[in-house]
Amino acid sequence: DDQIERERASQRLSGGCCALAAVYLMGKFYVANAGDSRAIIIRNGEIIPMSREFTPETERQRLQFLAFLRPELLGKEFTHLEFPRRIQPKELGKKMLYRDQNMNGWAYKKIEEDDLKFPLIYGEGKKARVMATIGVTRGLGDHDLKVFSSNIHIKPFLSCFPEVRVYDLTQYEHCPDDVLVLGTDGLWDVTNDKEVANVVMEVLTSYEPNDPCRYTMVAQELVVRSRGVLKERGWRLANDKLGSGDDISVFVIPLGGPGNYT
């Protein structure tokens, strides 16, 4: 993240990205995730999550706590409190549900003038945004990112620190059909863990266990199925639902070799 900031100044580069990394070291996989990409292990048909997505919803309390400690980051245009919906001026003085950085549930409060400000986190699911700007809360770069038509920087709310999960390969016997799948959000937006596992098993069983290209073919099939087919109404999946319009990158890494196959 620091290097990207230096290059921003020296080479006039801007922008940012999420990061998902898998490091194999002394019999263990270390999977580090900063962003909304995802990693899963498929072992003997079982799905083992190796990451979680960092979004305005999953990190609500961290973001609200920072805004509570440093209200100047909100630029007098946002409130760190969360409400079920946008509050209208006519609702001043009335009671409404809210929650702050310390709350998992909701409570009632009397609506005041400050509550009419735009919420720090707005929207639900994939539509949730920090300051109505960005839908992911960890990653690298984005040092220049600001709220539209303002001088309010988003970067203080974005963390470059990943969550790391460890998987010990020595604890299990792995066959060539056991894999680690790494994918960007373009894959997971339209394809869930179970669907990915089904594609993995379907493609792998059509190749010999010692055929090294079988894993590349799984990754290719996952990308193709998540993008869909271009029709008059846009990219569509096999079930006619809208395909992924985002970038899709997929890695499929075998956990066991042909010698482990039984």
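**Close-up 1. Arg60 and the residues it touches.** In this predicted model, Arg60 is in contact with Glu82, Arg99, Asp100, Met103, Asn104 and Ile121, leaving aside residues up to four places away in sequence. Where does Arg60 sit? Look for helix α2, which covers residues 60-69. Is Arg60 buried or exposed? Its relative accessibility is 7%, and buried means under 20%, so Arg60 counts as buried.

**Close-up 2. Helix α5 from end to end.** Helix α5 takes in residues 213-227, which makes 15 residues. Here's a quick check you can follow: at 1.5 Å a residue, a helix of 15 residues should span 21 Å, and the end C-alpha atoms of α5 are indeed 21 Å apart, so the two agree. Right after the helix comes Gly228, and its phi is positive, near 90 degrees.

**Close-up 3. The buried face of α5.** Which residues of α5 are buried? They are Arg214, Tyr215, Val218, Ala219, Leu222 and Ser226. Imagine looking down the axis of α5: the buried residues fall within an arc of 145 degrees, so they line one face of the helix. There's a handy general rule to keep in mind here. An α-helix has 3.6 residues a turn, so residues three or four places apart point the same way. And what covers the buried residues of α5? The cover includes two helices, α3 (185-188) and α4 (193-204), along with the strands β14 (179-183) and β17 (250-254).

**Close-up 4. A sheet of 4 strands, with helices lying across it.** Reading across this open sheet, you meet the strands in the order β5-β4-β14-β17, with antiparallel pairing. β5 (46-49) and β17 are the edge strands, each pairing on one side only. On average, neighbouring strands of this sheet are turned by 20 degrees against each other, direction ignored. Zoom in on strand β4 (residues 38-43) and you'll see that 5 bridges join β4 to β14, the two running antiparallel. Which residue of β14 stands opposite Ile42? That partner is Val179. Now bring the helices into the picture. Helix α4 lies across β4, β5 and β14, and runs at about 50 degrees to β4. Helix α5 lies across β14 and β17, at about 150 degrees to β17.

**Close-up 5. A sheet of 3 strands.** This one is an open sheet too, in the order β2-β3-β13, and its pairing is antiparallel. At the edges are β2 (19-25) and β13 (163-168), each of which pairs on one side only. From one strand to the next, the twist averages 15 degrees. How many bridges link β2 and β3? Strand β3 covers residues 28-34, and it pairs with β2 in the antiparallel sense over 7 bridges. To find your way around, look for Leu25, which stands opposite Lys28 in β3.

**Close-up 6. Ala21, a residue of strand β2.** Ala21 lies in strand β2. With a relative accessible area of 37%, Ala21 is partly exposed. What does Ala21 touch, if you skip residues up to four places away in sequence? Its contacts are Tyr30, Val31 and Ala32. For a sense of scale, go along the chain from Ala21 to Gln88: these two are 67 residues apart in sequence, and their C-alpha atoms are separated by 44 Å.

Technical notes:
Residues are numbered from 1 along each chain as its sequence is written. This is a predicted model: local features need pLDDT of at least 70, side-chain atom pairs count only at pLDDT 80 or more; totals for chains, interfaces and linings use all residues. Side-chain values use heavy atoms; hydrogens and water are left out. The expected span of a helix is 1.5 Å times one less than its number of residues. Buried means under 20% relative accessible area, exposed over 50%, partly exposed in between (1.4 Å probe, protein chains only). The arc is that of the directions from the helix axis to the C-beta atoms. Contact means heavy atoms within 4.5 Å. Two strands pair if DSSP finds at least two bridges between them. Axes are lines fitted to C-alpha atoms, for helices over the stretch in contact, and angles run from 0 to 180 degrees between N-to-C directions.
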